[in-house]
Amino acid sequence: MPRVLMLLALLAAPALAAAQGVVQHLAGTLSVQRADGTVRLLSERSEVKAGDVLTTERDTYAQLSFTDGGRVTLRPNTTLKIDSYQYDEREPKKDGFFMSLLKGGLRAVTGLIGHRANRDAYRLRTPTATVGIRGTDYNAIYIPQDAPPGSEPPGVYVTVADGVVVFIAGGSELLLSVGQTGFSSNVSLPPQLIPTPPNLPPFNPPQTFGQSNPSTIDGGLASDCTIQ
């Protein structure tokens, strides 16, 4: 009997470890491509994990809740890859949450990862730059080369609403404080401090999603990231 129980525990362990996040709210169609190449549709309470590539369709909003207390809300026509995720409340030094925003936009409420032992444990990669958290609330918007006429110059814009953010490109780091905006036009060039452009697109998530967090862990503050 003990040997049977041990076998059952070993079989159950991968499933428990895979539950790194769930789809907390969903309005529309959300699909995922798993690390093994399989594609499926997700619903509320579906699990998400490292290696997943998540895609929202037109008019779709999806809010993901993670075990560290963080949340990510995907906008319509968005593709986000969860590159890696590791959180154990007993071992802060092993924290790690790395994502790649490939298309569209998102709003993120950071959890405990990046706010405990390792400040560099949280990273959001975009086509021209990387955003790191030094705490708190920021907006990141990517304007592509084929943007419509009248758009701001192509590149990534990061504006800080609270705290400090590190903006990384071209082998250089630019620390941005409250009210400051950084701009990166190319992954090979250092980011620059600029006045905030007036015509950057706003972010308007559905009111039904709200900002309440069902987790017992109190996450961090909000941050907006948009790729047009």
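**Figure 1. A close-up of T73, a residue of strand β7.** In this predicted model, T73 is buried, with a relative accessible area of 5%. Look for the side chain of Q63, which makes a polar contact with the side chain of T73 at 3.2 Å. Setting aside neighbours within four places in sequence, T73 is also in contact with other residues, among them A62, G105, L106 and R107. The phenylalanines F203 and F209 belong to that list of contacts too.

**Figure 2. The aromatic pair of Y85 and F97.** The structure holds five aromatic pairs, and here is one of them. The ring centres of Y85 and F97 are 4.9 Å apart and their planes stand at 85 degrees, so this pair is edge-to-face. Y85 sits in strand β8 and F97 in strand β9 (residues 96-103), so the pair ties together parts that are twelve residues apart in sequence. Y85 is buried at 7% relative accessibility, and F97 is buried as well, at 4%. If you widen the view, you will find one aromatic cluster formed by F66, Y85, F97 and Y122.

**Figure 3. The aromatic pair of Y157 and F183.** In this view, the ring centres lie 4.6 Å apart and the planes meet at 40 degrees, so the pair counts as tilted. Y157 belongs to strand β13 (residues 155-169) and F183 to strand β15 (residues 181-184), so the pair ties together parts 26 residues apart in sequence. Both Y157 and F183 are buried.

**Figure 4. Two loop residues with positive phi, D59 and N77.** Neither residue is a glycine: D59 has a phi near 65 degrees, while N77 has a phi of about 55 degrees. You can find D59 in the loop between β5 (53-56) and β6 (61-66), and N77 in the loop between β7 (71-74) and β8 (79-86). D59 is exposed, with a relative accessible area of 61%, whereas N77 is partly exposed at 38%.

**Figure 5. How the confidence of the prediction varies along the chain.** The mean pLDDT of the chain is 81, and 81% of its residues reach 70 or more. Among the elements, strand β2 (residues 30-33) has the highest mean, 98, and helix α1 (residues 2-18) the lowest, 42. Over residues 4-17 pLDDT stays under 50, and the model has one contact beyond four places in sequence for them. Residues 212-221 also stay under 50, and for these the model has 24 such contacts. Please keep in mind that predicted coordinates should not be read in detail where pLDDT is low.

Terms used:
Residues are numbered from 1 along each chain as its sequence is written. This is a predicted model: local features need pLDDT of at least 70, side-chain atom pairs count only at pLDDT 80 or more; totals for chains, interfaces and linings use all residues. Side-chain values use heavy atoms; hydrogens and water are left out. pLDDT is the predictor's confidence in each residue, from 0 to 100. Helices (H or I, at least four residues) and strands (E, at least two) are DSSP runs, numbered from the N terminus. Contact means heavy atoms within 4.5 Å. Buried means under 20% relative accessible area, exposed over 50%, partly exposed in between (1.4 Å probe, protein chains only). A polar contact is a pair of N or O atoms within 3.5 Å; within protein, one must be able to donate a hydrogen and the other to accept it, and residues adjacent in sequence count only if both atoms are side-chain atoms. Rings of Phe, Tyr and Trp (its six-membered ring) pair if their centres lie within 6.5 Å; planes under 30 degrees apart count as stacked, over 60 as edge-to-face and the rest as tilted.
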